[in-house]
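Here are a few quick comments from my read-through. Have the model open while you go down the list.

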Amino acid sequence: MLDTIKATSSLRRVHARSLREPLQRPSPFLLKSPRFRHHESCLCTLTPAGWIAGSYRHTPWQPVAVTPPDAAVLTVRRHVTATYGGPSRAIEDRTPQTQDMALIESLLTRYGSPEFGI
């Protein structure tokens, strides 16, 4: 039992010392490094049948290309950029594939906004 008391008291000293030490944060120069950045982009296409997931890319991996459907009415591309320990930014670009805005509005009312996995 004496060994257990010695072991726990030494663990407490180590734990107390680690709590007093300041947290190690990455250098601002490292945060600008590409390995601390995260980029994702995804494409969704609105058709009369609903939303269809399209091409996507998660950096540093290769892009996955999906052919867009022929009946595309609206495409939405979302690009997310995040930095480790810093701010993130999401940009969404909507591109109509037809001139019929009433059709786009009715399909958006029926199916809502696209759901991205990023």
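The points below cover confidence, the cysteines and a surface patch.

1. Ground rules: this is a predicted model, where local features need pLDDT of at least 70, side-chain atom pairs count only at pLDDT 80 or more, and totals for chains, interfaces and linings use all residues. Numbering starts from 1 along each chain as its sequence is written, and side-chain values use heavy atoms, with hydrogens and water left out.

2. Confidence (pLDDT, the predictor's own score for each residue, from 0 to 100) averages 76 over the chain, with 68% of residues at 70 or more. Helix α3 (residues 101-111) comes out highest at 95, while helix α1 (residues 2-20) is lowest at a mean of 43; helices here are DSSP runs of H or I, at least four residues, and strands are E runs of at least two, numbered from the N terminus. Residues 1-24 sit below 50 and make 0 contacts beyond near neighbours in sequence (contact: heavy atoms within 4.5 Å). Where pLDDT is low, don't read the predicted coordinates in detail.

3. Don't look for disulfides (cysteine sulfur pairs within 2.5 Å): there are 0. The sulfurs of Cys44 and Cys42 are 4.7 Å apart, too far for a bond. Cys42 is buried at 12% relative accessible area, and Cys44 is buried too, at 4% (buried is under 20%, exposed over 50%, partly exposed in between; 1.4 Å probe, protein chains only).

4. Val66, in the loop between β2 (50-58) and β3 (74-83), is partly exposed at 35% relative accessible area.
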